[in-house]
Amino acid sequence: MKAKSVKKRESRVITAEETQELLKLTPYDACKMSVFMDLFAPFEDRKARFNPYDIMTIPPNSFGTSKKNKNAVVTTVGRFIFNKAFIEEYLLYELGYINEPLTKKLIGNLNKQISYAVNEGRVPLEALKKYILTQQKFQAYSSVVSESISENMFNIAAIVRPKKEELCKKYKKEIEAGDALIADKIEKELLDYCKEVLKDDPCMDYYDSGVGSWGNNFKNMYVFKGAQKDAITGKYNIITSNYADGVSKEEYSKMANSLAAGPYSRAAKTATGGWNEKRYVSAFQDMKIGPKGSDCGSKHTITVTLKGTYLDQMMYSYIVEGSKLIRLDSTNKSKYEGKTVKMRYSSLCHGVGKNHAFCNKCIGDFFYIIGMENVGIASAQIQSTLKNIAMKAFHDGTLKYTTMDLNKVFPDE
């Protein structure tokens, strides 16, 4: 079967009258289902009035409440509605107009920026509450503007089948031997082929945005189950079946065995993780923070390179620069990103007061911001994270490979 050719989506430039109509919408209007359906939903008697990717120009001084745009902004109708509903009323001064595709990564960064702004007192808590409620409101609208299934997507298993059979024949010996690396190689080649076939298909927005699980859900459903560890033998079975085509009788038992690991992780490992959470709370519940501004005077520090998620984890901790202590927060985050610095750290605190509580400078400001005095119970997050990883194993049994540089893993120093 061949893929059906898809006409590439073409954006139209909306008229001045249509632009004025959209500019009259309030943030409240932009959240209403009736408005959203009127703008973007097709009906039997008419096509959708707008596509989210249609082009519009926001004139100067026409967007914002207390702060207006000084210059004209070329944007899309979809981005305009997003900014109108989510940003204009409370967050425009902090975030500015968001004029880029709304991917999972971008939404995650916006969530982070807003949280920092609330913690640091630049944005009221009410703004964060409204932002979260608006996200929940818009969840119901996603099927209107984001096509998740198309004729090509529905038939992709049949389209990719000849190439899959060719690769399975080529690597027959390796597949029978349970070579997981070869299975990974086949998966990647087939998934790349699927991306090429579906590149202009509107249903790919779901995966290109990062929301859809391309390497797990899509792969298992339409392409290739892949390498799965057999809980009985301890070896890997290479399962070439997918759920859209159905499981072959030769691989049925292997597929059934592969389903054991997920439920086991969700049951046994989750129980262990939950028990360890309770143990941590019981053991460390007496650990507290000292008064705001307290300093035990410790000269001990840790040396860290502030990049990636580690930079986010160290927010509101104190960097040591000579005789000065500088709090890491969103106002200076970019200055220190990627730099190696010395930082005060809770494990190196001498303690303050009769109970030897953590001092403010060693433990940082985060717990003071959220009003949490008994910080010992936060240690349960370690076990909570491990528990959540075990629970996620129920949904994702794919193997992930990482290329390691041994010179960096085992340095000469």
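Contact here means heavy atoms within 4.5 Å, and helices (H or I, at least four residues) and strands (E, at least two) are DSSP runs numbered from the N terminus. The model is predicted, so that local features need pLDDT of at least 70 and side-chain atom pairs count only at pLDDT 80 or more, while totals for chains, interfaces and linings use all residues. Residues are numbered from 1 along each chain as its sequence is written, and side-chain values use heavy atoms, with hydrogens and water left out.

Helix α6 (residues 104-119) offers a starting point. Its 16 residues should span 22 Å at 1.5 Å a residue, and the end C-alpha atoms lie 23 Å apart, which agrees; the expected span is 1.5 Å times one less than the number of residues. Within α6, L106, L110, I114, Y116, A117 and V118 are buried, that is, under 20% relative accessible area (exposed is over 50%, partly exposed in between; 1.4 Å probe, protein chains only). The cover over these residues includes α4 (77-87), α5 (92-95), α7 (125-139), α17 (308-313) and α18 (333-336). After α6 comes G121, with a positive phi near 80°.

Helix α18 contains K333, which is buried at a relative accessible area of 17%. Leaving aside neighbours within four places in sequence, K333 is in contact with residues including K112, Y116 and D312.

The largest nonpolar core (buried Ala, Val, Leu, Ile, Met, Phe, Trp, Tyr and Cys residues joined through side-chain atoms within 4.5 Å) has 38 residues, of which L22, F80 and I81 touch the most other members. Its largest share, 7 residues, comes from α4.
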